[in-house]
Amino acid sequence: MKSDIFLKLGYCWNLEVIDVCGDKYVDDNAFLNLLKAEKVIADQPKPIATGLTNLKVLKVGGCTISETGFFNMCKAAPNIEHLELTKLEASDIALKNMINQLSKLTFIDLSGVAAANYAFLDELKATRPNLLTKRYNIAEVDKKDNGLRVPRRVIEKKKKKKKGGKKKK
């Protein structure tokens, strides 16, 4: 699987920022792999799964994550302060549970998340008034677009007129 890189990321205990926007291989297994990393301490009989306790910024976009994936993400990195979830298909219940689990969350970006409608944002403002939220309404985009491409200007070249026709004598 392509999400096996998260198993290696799970051992980066001092990691502070993860940006996986546009990676279509990020799924529930990716965040489950973060939880599999264990640390062996000499005094303890069993290894300890510390998780990414120093992770402050997480940017996830354009991938498929279920409620289980959100739960594993919160369990692996409980100290997230800045969270960007863009172009995700998630339910409002999953988002509410995730936001409630992340007590240190100060900023969340929900651009392109259909479940983040006005009613959801009003409820979020009532329960967490100090939480900064950002939500741009992104219309349907090309599924091949991963958000990493830079738009190019299209320069139209003027067509050269052919010189021809009848020759004068």
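At 41% relative accessibility, Y11 counts as partly exposed in this predicted model. W13 is likewise assigned to the partly exposed class, with a relative accessible area of 22%. A pair of aromatic rings is described by the distance of the centres and the angle of the planes. Two aromatic pairs were counted in the structure. One of them is formed by Y11 and W13, whose ring centres lie 5.8 Å apart. The planes of these two rings make an angle of 75°, and the pair is therefore classed as edge-to-face, for which the angle must be over 60 degrees.

The protein chain contains five helices and five strands. Along the sequence these elements follow the pattern α-β-α-β-α-β-α-β-α-β. The chain has 169 residues, of which 32% count as buried. Among the contacts with a separation of 6 or more, 74% join residues 24 or more positions apart.

The mean pLDDT of the chain is 80, and 78% of the residues reach 70 or more. Helix α1, residues 5-9, has the lowest confidence, with a mean of 83, whereas β4 has the highest, at 94. Where pLDDT is low, the predicted coordinates should not be read in detail.

In soluble globular proteins, nonpolar side chains tend to be buried together. The largest nonpolar core of the model comprises 38 residues. Within this core, F70, L95 and M98 touch the most other members. At least two core residues come from each of β1 (17-21), α2 (28-35), β2 (57-61), α3 (67-76), β3 (82-86), α4 (92-101) and α5 (118-127). When neighbours within four places in sequence are left aside, the contacts of M98 are F70, M73, C74, L83, L85 and I108.

Helix α3 was examined for its buried residues, which are G69, F70, N72, M73, C74 and A76. These buried residues pack against two helices and two strands, namely α2, α4, β2 and β3. F70, M73 and C74, which are buried in α3, also appear among the contacts of M98.

Several loop positions were also examined. I65 is placed in the loop between β2 and α3. Its relative accessible area is 6%, and I65 is therefore buried, the limit being under 20%. Apart from neighbours within four places in sequence, I65 is in contact with D28, F31, V60, F70 and E89. F70, one of these contacts, is also one of the three residues that touch the most other members of the largest core. A separation of 9.1 Å was computed between the C-alpha atoms of I65 and N29, which are 36 residues apart along the chain.

N79 occupies the loop between α3 and β3. With a relative accessibility of 17%, N79 also counts as buried. A polar atom of the N79 side chain lies 2.8 Å from the backbone oxygen of T53. T53 is also listed among the contacts of N79 beyond four places in sequence, together with L55, K56 and K104.

K87 lies in the loop between β3 and α4. Unlike a buried position, K87 has a relative accessibility of 31% and counts as partly exposed. The C-alpha atoms of K87 and G112 are 4.3 Å apart, although 25 residues separate the two along the chain.

Two salt bridges were counted. In one, the side chains of E123 and K96 meet with an N to O distance of 3.2 Å. E123 belongs to helix α5 and K96 to helix α4, so this pair ties together parts that are 27 residues apart in sequence. Both partners are partly exposed, E123 at 39% relative accessibility and K96 at 27%.

The other salt bridge joins K134 and D109, with the closest N and O atoms 3.6 Å apart. K134 lies in strand β5 (residues 132-134) and D109 in strand β4 (residues 107-109), so the pair ties together parts that are 25 residues apart in sequence. K134 is partly exposed, with a relative accessible area of 31%, whereas D109 is buried, with a relative accessible area of 3%.

Methods
Residues numbered from 1 in each chain as written. Heavy atoms only, no water. Core = buried A, V, L, I, M, F, W, Y, C linked by side-chain atoms within 4.5 Å. Buried < 20%, exposed > 50% of the residue type's maximum accessible area, 1.4 Å probe, protein only. Helix = DSSP H or I, 4+ residues; strand = E, 2+ residues; numbered from the N terminus. Contact = heavy atoms within 4.5 Å. Polar contact = N/O pair within 3.5 Å; in protein donor to acceptor, adjacent residues only side chain to side chain. Phe/Tyr/Trp six-rings, centres within 6.5 Å; stacked < 30°, edge-to-face > 60°. Salt bridge = Lys/Arg side-chain N within 4 Å of Asp/Glu carboxyl O. pLDDT = per-residue confidence, 0-100.
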